[in-house]
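Here is a model to look through, one question at a time. Each answer sets a value beside the rule that gives it its name.

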Amino acid sequence: MAGVEALPAAAPAPRVKAPGALARLLAHPSFRWGLLLFGAVAVCGLLADWLAPYDPLRNNFRTRFQPPSETFWFGTDRFGRDILSRTLFGIQVSLRIGLGVALVTALVGGAIGAVAGFWRRADGPIMRVMDALMAFPAVLLAIALAAALGPSELNVIVALSIAYVPRTARVMRAGVLVVREFPFVEGARAIGASPTRVLLRHVLPNAMAPLVVQQTYVFALAVLAEAVLSFLGVGPPPPTPTLGGVIADGRDFIQEAPWISITPGVVIALVVLGLNLMGDGLRDALDPRLRTAIR
Amino acid sequence: MLRYAAGRLVSALPVLLIVSLLSFGIVWIVPGDVAVEMAGPTATAEELARLRERLGLTKPWHEQLIGWYGALLQGDLGESILLRQGVGAAIVERLPVTLSLTFTALLIAFVCGTALGVLAAVRAGKAADRAAMGTALIGFSLPDFWLGLVFVYLFAVVLGWLPTGGYVPFTQDPLGWAQAMILPAGTLALSQMGLFARMTRAAMLEVLRQDYVRTARAKGMPGWIVVGKHALRNALIPVVTVAGIACGVLLGGAVVIESVFSLPGVGRLIVGAIQRRDYPVIQGGLLLTATIFVLVNLAVDLLYAALDPRIRHGRR
Amino acid sequence: MSLLSVQDLAVSFGPTRVLEGVSFDIAEGEVLGVVGESGSGKSMTALAIMGLLPIGGRAAGRITFQDRDLLTLPERAMQRLRGDSVAMIFQEPMSSLNPVLTIGEQIAEVLRRHRGMRRRDAHAEAVSLLKLVEIAAAERRVDEYPHQLSGGMRQRAMIAIALACRPKLLIADEPTTALDATVQAGILDLLRGLRRELGMAVLLITHDLGVVSDICERVVVMYAGRVAEAGPAGRIFEQPAHPYTRALLAAIPRLEGPIGDLPAIPGVVPSPADFPKGCRFAPRCAHARPACEVAPPVLRALPSGTEAACIRAEEVS
Ligand SMILES: Nc1ncnc2c1ncn2[C@@H]1O[C@H](COP(=O)(O)OP(=O)(O)OP(=O)(O)O)[C@@H](O)[C@H]1O
Ligand code: SF4
Ligand SMILES: [Mg+2]
């Protein structure tokens, strides 16, 4: 699910005007559906403390391997824990990590990309390092980093951010490369504005749109990758309920108790689908020229 | 063409150098003592000292680095602590599984993805377009390892059509190989299929507007030749460039898919090494996967030139 | 008996009619010139004949070619006709050839499709076609890609593709507009020579009245999606009846060079959305009267030997 690399010098949009862009965004069916899906799942996750019918951590050996029923809507696992409750709390973890990775890569990747695109001499070395980072499959790199750093939610965010930072940097760089040639940037230079000021005041604001789109996709990728990490046991440490972790819990019992793994997987799919739809909507609304390029 | 190939090769070298440096550096980010982490809390001081000696941790870092590159140049990736086997040998043993999984998935993703994309572009705006693009979107929104589990449950447990996992070498039993591959490769292919479908659709829409497509129709070529030969040959050029990237994503995905389907590949080796902190294997596995990625992308660049005569002749 | 007969052709995109009431005939072996300013509907006419209108375009009326109505012909039958008995070359030689296929392949393909030739024979025939269009070193060029050829050579290659099956009718839509002046002359000479040699009819769309007087036997003058005047080339040049034709001719001191912006005629061609109700030339016509704006004037034969769509044609000429 890479793709942004294929972005051929994505032309950044003229500066996003809030009211017009927002109206276009909400009028876009992809974005509306995406927001609905993502929003519904996110709200369920945020209200987990109230919505969860049971304590997600409490073992109860009398209710082991209960199939879905009126008391346990989505069944229980081998420790008798309620799948619904664990899933609801797992959503919280996924969203925290996804959002964290999206923000961290936006800041770090955005800065790297801006520097590489703006100062030509820095471009070569920086992008070689980014190329090298991208040579490692993102998921594999994140697994190795998370394992080396040790199990914690923060380390998962760090590991995934390192893995996904090159994509963001590339998108930002491509945007900056285009914007820096715009006449008003030349103008600002001509009247003697300092390079840093030109970059911060004139180039960056206009190179933002592709980044916003990209980070929506990075959010989705991070949610998927976090699930993989948790599934393989290098995610946030137990007993934290994670979506990938619940799937892993059900893995050895897929024959006898398939419900354990199925529910959290569907939830992941809904979150990611929602985010991807929102990304598509953002892409069309913020910058129609990106339409053919990304993803 | 030769100059183009040589140029690509040269530009891959610094990337490979940084890749090898990063692979080596992964042990340095381990907080605390690597040896303690590897040997576990029960290890005696003597065992720890032996382990440090074997890992070369007793030497200063620059000697370690020189040692790593020295061994690398001789094709030596070090010793696995747990397998009591050379890392290189351990990987080579498992490579056929991973490569057949990855490339089968790439083939499925490419063929199905471009087909979906062409269909969507030819029927742009119609129901078939929406169905194809919806499939693509769902394809890269589903967690593949979870889908693998669901497929195992469905096709192996409920229907009993396919094995739940395991690997059969192609040379031993091609049919068995295909049966063992179809589910894992198909699952793995799904997300990249979506990517190919989107890229192909966008490229086809662009190409179908070109004058030379009108020329082909003016020559009386039937629709399928206009689309399949004149348009697709051009539309595939940008699509092929992402095949290399897709291959990298698939290599990463193979790590978890191998675990789900119990395939004895490099991915499972690495996951096992990660769970047991077998750092030489992690380093070697990372280095090897990244090198494969760089080489595949080199191959893709050459394929790109083969598809586009303008590049072959040094224009553009 | 004419080879191609276009009767009352209309082309519309949704509610907008870009072409209306277009009628003309081409006899076997005849060269018909179609002239008019940009946007007057010349290309649409050509594409309607080929059945290659852009997406959303619909044609009405009758286009009879060798006793068959092309507008009602099924797509399969149209495909067998295109590139075989009717061929077309386009304005843009740079983009009209497929960049990933060799010139030879692009020529041979037509021969294999319509003549059922085998690969090797088709390739050999492609070489002789390149020789026919006077491309030097044809044996080498045949295996080259379009980007290796100059603009003039590409247009020659396009002509070779069009002539591969010896069509009865060749439609050439401004075949020289995109080329340098010196190259233009060469291409026109080639076309003139080939049509004499092969005896095909040619529908030549052009901006260049010099070209028309040079090689066309009859002329159709189009304005804003309609035929303004039609007739033998000699008559049109000697005694034009339609004020638009007169203005066209007056705009060029001698019969040379492209029409360009027509500085002598004030104003521009209206776009299809706001065509006037009556005579479409009325807003720019020096002879316009209120009567001109009532209904579109019909094309009628005049004593001067041409047909013109102007109610005041007799007085004007
Ligand atoms: N795809 C389309 N959809 C709607 N209208 C179109 C389309 N293509 C062309 N037109 C309109 O049809 C009219 C005739 O265009 P046409 O291309 O036939 O002109 P032309 O005489 O060939 O001009 P030129 O000398 O510039 O080639 C124009 O007014 C144009 O705006
Ligand atoms: S009909 Fe009237 S307006 Fe039209 S060309 Fe003739 S004189 Fe001019
Ligand atoms: Mg035209």
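The questions below go from the ground rules to chain A, then to the ligands.

Q: What kind of model is this, and how are its parts numbered?
A: This is a predicted model, where local features need pLDDT of at least 70, side-chain atom pairs count only at pLDDT 80 or more, and totals for chains, interfaces and linings use all residues. Residues are numbered from 1 along each chain as its sequence is written, chains are lettered from A and ligands numbered from 1 in the order in which they are written, and side-chain values use heavy atoms, with hydrogens and water left out.

Q: Why is R173(A) called partly exposed?
A: Its relative accessibility is 22%. Buried means under 20% relative accessible area, exposed means over 50%, and partly exposed lies in between (1.4 Å probe, protein chains only). The value of 22% falls in between, so R173(A) counts as partly exposed.

Q: What makes a residue a contact of R173(A), and which residues are they?
A: Contact means heavy atoms within 4.5 Å. Leaving aside neighbours within four places in sequence, R173(A) is in contact with G113(A), A116(A), G117(A), R120(A), D123(A) and M127(A).

Q: Where in the secondary structure is R173(A) found?
A: R173(A) is in helix α7 of chain A, residues 153-179. Helices (H or I, at least four residues) and strands (E, at least two) are DSSP runs, numbered from the N terminus.

Q: How many helices and strands does chain A have?
A: Chain A has 12 helices and 0 strands. Buried residues make up 59% of its 295 residues.

Q: How do you know where the transmembrane regions of chain A are placed?
A: The placement comes from UniProt, in an unreviewed entry: residues 33-52, 95-119, 139-165, 217-237 and 257-279. UniProt positions are given in the numbering used here, feature names are shortened, and annotations may be inferred rather than shown by experiment. In the model, residues 139-165 of chain A are 89% helix, with end C-alpha atoms 13 Å apart. Residues 257-279 of chain A are 91% helix, with end C-alpha atoms 35 Å apart.

Q: How do you know whether chain A and chain C touch or stay apart?
A: No contact joins chain A and chain C. Their closest C-alpha atoms lie 20 Å apart. Among the 2 pairs of chains that touch, chains A and B have the most contacts.

Q: What makes a residue count as near ligand 1, and which come nearest?
A: A residue is near a molecule or strand if one of its heavy atoms lies within 4 Å of it. Ligand 1 has 14 residues around it, and S38(C), G39(C), K42(C), S43(C) and M44(C) come nearest. Helix α1 of chain C, residues 42-50, gives the most to this shell, with 3 residues.

Q: Why is the pair between G39(C) and ligand 1 called a polar contact?
A: A polar contact is a pair of N or O atoms within 3.5 Å; within protein, one must be able to donate a hydrogen and the other to accept it, and residues adjacent in sequence count only if both atoms are side-chain atoms. A backbone N or O atom of G39(C) lies 2.8 Å from an oxygen atom of ligand 1, so the pair qualifies. For K42(C), a backbone N or O atom lies 2.9 Å from an oxygen atom of ligand 1.

Q: How many residues around ligand 2 are nonpolar, polar or charged?
A: The shell has 9 nonpolar, 2 polar and no charged residues. Ala, Val, Leu, Ile, Met, Phe, Trp, Tyr, Cys and Pro count as nonpolar, Asp, Glu, Lys and Arg as charged, and the others, Gly among them, as polar.
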